[in-house]
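Thanks for coming. I will go through one structure today, a pair of helices to begin with and then some sheets. Please have a look at the display before I go on.

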Amino acid sequence: MSELPHLIKDLALILVVAGIVTIIFKRLKQPLVLGYVVAGFLVSPNMPYTMSVVDIADIHTWADIGVMFLLFSLGLDFSFKKILKMGSSPIIATCAIVFCMMALGITVGHAFGWGRMDCIFLGGMLAMSSTTIIYKAFDDLGLRQQRFAGMVMSVLILEDMLAIVMMVMLSALASGANLDGGQMLGSVVRIGFFLVLWFVVGIFAIPWLLRSSRKLINSETLLIISLGLCCAMAVVSTQVGFSSAFGAFVMGSILAETIEAEKIIKLVEPVKNLFGAIFFVSVGMLVDPKILVEYSVPILVLVMTILVGQALFGTFGFLISGQSLKSAMQCGFSMAQIGEFSFIIASLGLSLGVIGNFLYPVVVAVSVITTFLTPYMIRLSTPTYNKLEKHLSKDIIHILNDFAISRPSSAPQGNWRKLLIQLFRITLVYSILSVAVITLMFTFALIPLRQILPHWWANATCGLMTIAMIAPFLRAMVMKKNHSEEFKALWQENWMNHAPLIVTIIVRFMIAMAFIFYICNYLTRFTHALMIVIAVTMVTLMVLSRRLKRRSIEMERMFIRNLRSKDIEAQVYGHKRPLYEGHLLDRDIHISDFDVPEDSRWAGKTLADMKLRGRFGVNVSSILRGTQRINIPNGDNLIFPGDKLQVIGDDDQLTAFGKALRSDLHPEDPDIEKREMKLRQLVICRDGQFFGKTLSESGIRDEYNCMVVGMEEGEEALSQLTPDHKFADEDTIWVVGEKEDLERLQKANRIKPKSVIKTTLFEVFKYLGIKDIAYNQPKSLPYPTENPWA
């Protein structure tokens, strides 16, 4: 037999050690992510006293897959729509935290006398908190439903986007080039371009694909399709210069808008847990005790810099973004660690040869230590706030809570502002789609056409096909919102608005002309004047075409339908959505989702029985059950295992509710292995307890906890028995039950009951003329000292 490959041996070692350590941590009521890190340290080559992993490169590959699936699950649970609903708050908090932490990291590096590039790269590393670690910590601590957790995840996603821009900047600095605004702007534009393209195309195509093949998809195929789409987007993301994890998050966000999102989350969870465990174990494997000893002082200083810096600057960033003081402290304390993007930035510096070899292991050690401390920092935020509240006056607390620059304004937006925002969004989206179509056609269609047709005919065919494909986009860009309420209101409000409104139409018309002009200029040698005439003519024909109008409207309706598929499903299968849903983010109370465990004691009880409002102060706004959505349920609605409850309350109320829901479970049966159900044949005996009795009188179900399946009527046939069936001698019945109950049943079938024995004695005595006998009164026997049978 051939020897097992190192990968299987390493995987077995990792999972066995991780399983043992996590059981210990579970017993100690510590987060599992810490157990994974400790397990990684125990199996690393740096630990000479235990078995070690042989091929670390393969483990790192699996760890990269783990990060990808973790971010994919994060996208499924936290879509871009949730970030957009929060407005500008995450953007303000992200910019404040990143720039403050970068400055702090550069300052600390200079204090140690490190080189200029070492300090700059160190600042970039310290500014990037770990999305994966915080997401796992929130999951382990049961905090994902709390309001501050959603804000933290929004900021982390924006940090990951900003990290891509930061890597472009650091690469330019390392190469000695002057970092101008054009490079940074180009990187931002590239991110925005691909985000909009992926999101629009994904929302248009993927829900349609799942909906059209829904009858053919079961759980297995849905899992394969979901993971396939995740990996495909990861590949596309790396091809255009982003990380695979970022692409996985984007695909998760797209699938989060589909009806199948909840089912995909449950199917992907085991895969996520497996590869996520390998990722965190691989983080622990990077700990080198020698580095810890040699650079112990810088490591401790950097750890304190992250903990204190994120606690202060993180709180400040969230505070100015519109959060209350307590919520800001919870958010800031939660981000006190560095993770995977810090490793990527350090690897970039090493590959460019601009940072010292010591910096990477130092950052890894800092990451492991801060990862270990993350759950404790999250738990520390509330006690710290309580102590701070005692030492600060109420006026100062009130001022800090009101110190926000992004509070949602209750004043309605003006018509001009609403119209311009809508026009900008429409023009941007349709321009990106047009650019994508033109790029694909010129890259993949033009060359094959030139091999089939003459050069000029190939160019003309490709040009006409490209214009036909982008024509609905260009027409919608020009005509959309020209008949909207805002446009009509401004037109009728003042005659001075006529000229600016006409200008908006002309500008969009010229943008559409520019696309046609570019296609003609790329494929033909016409004069510029002729190409302009062609562009004007074609755009005018597009505007006047009723067929293109219908086509663009149908495409937009399909996109909106896919984007709102969850809402449409709720209206079809449930009642109307509560009007207040999603509009409480600026208050202390908010909506959170809770899954009812399969072994919950709450299952089978009504909401009135649970008295949730009186016990926890919360309100159940909706119950999601399969394809049903029960909005505003009444007290008679039952709770089922697997239900998703949407509950309204503040953080403290929801925390208490979640703990009660997760802890109020049926106890595990320690003898579950002994309670296996067995099927046995039972032949009714004339001398047994069941002879002459009906099925209902026999007590087989009530007294012996067994069930009669049927009675043999031939070699193979079984007949169902009615409750009034009377058992006869040698009736052969089949009974199911536990082993001990079946043994008692067999014994009773062979032994005459005491009541039958007493009846027989009574008949004998009666026959002998002894009438005054009572078995419950032995003194009434006529022969108390003699044997009545003598």
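**Helix packing and two sheets**

α3 makes a right-handed crossing as it passes α10. Before going further: this is a predicted model.

Helix α3 covers residues 56-77 and helix α10 covers residues 219-239; they pack at an angle of about 110°, with their axes 11 Å apart. Angles of 65 to 115 degrees count as roughly perpendicular, and α3 and α10 are therefore roughly perpendicular to each other. Which residues in α3 and α10 meet? From α3 there are Met68, Phe69 and Phe72, and facing them in α10 are Ser226, Leu227, Cys230, Cys231 and Ala234. Sorted by class, that contact between α3 and α10 has seven nonpolar residues, one polar and no charged ones.

Next, helix α15, residues 325-334. Nine of its ten residues are buried, so α15 is largely enclosed by the rest of the structure. Among the buried residues of α15 are Leu325, Met329, Cys331 and Phe333, and also Gln330 and Gly332.

Now the sheets. One open sheet has four strands in the order β1-β4-β2-β3, and the pairing is antiparallel. Which strands stand at the edges? They are β1 (590-595) and β3 (628-631); each has a single partner strand, so one side of each is left without a neighbour in the sheet. On average, and with direction ignored, neighbouring strands of this sheet are turned by 20° against each other.

Within that sheet, β2 (residues 619-625) and β4 (residues 644-649) pair over five bridges, in the antiparallel sense. Ile623 has Leu645 in β4 as its bridge partner. Helix α28, residues 651-663, packs on the sheet and touches β1 and β4; the direction of α28 makes about 5° with that of β1.

The other sheet to look at is also open, with four strands in the order β5-β8-β6-β7 and antiparallel pairing. Here β5 (677-683) and β7 (718-719) are at the edges with a single partner strand each, so one side of each has no neighbour in the sheet. β5 and β8 (residues 732-738) run antiparallel and are joined by seven bridges. Opposite Arg680 stands Val735 in β8. This sheet, too, has a helix packed on it: α30, residues 739-750, touches β5 and β8, and its direction makes about 145° with that of β8.

That is the end of my part.

Conventions:
Residues numbered from 1 in each chain as written. Predicted model: local features only at pLDDT ≥ 70, side-chain atom pairs only at ≥ 80, totals over all residues. Heavy atoms only, no water. Pairing = 2+ DSSP bridges. Contact = heavy atoms within 4.5 Å. Axes fitted to C-alpha atoms, helices over the stretch in contact; angles between N-to-C directions. Buried < 20%, exposed > 50% of the residue type's maximum accessible area, 1.4 Å probe, protein only. Parallel < 35°, antiparallel > 145°, perpendicular 65-115°, else oblique. Left-handed = near helix turned anticlockwise from the far one by under 90°. Nonpolar A, V, L, I, M, F, W, Y, C, P; charged D, E, K, R; others polar.
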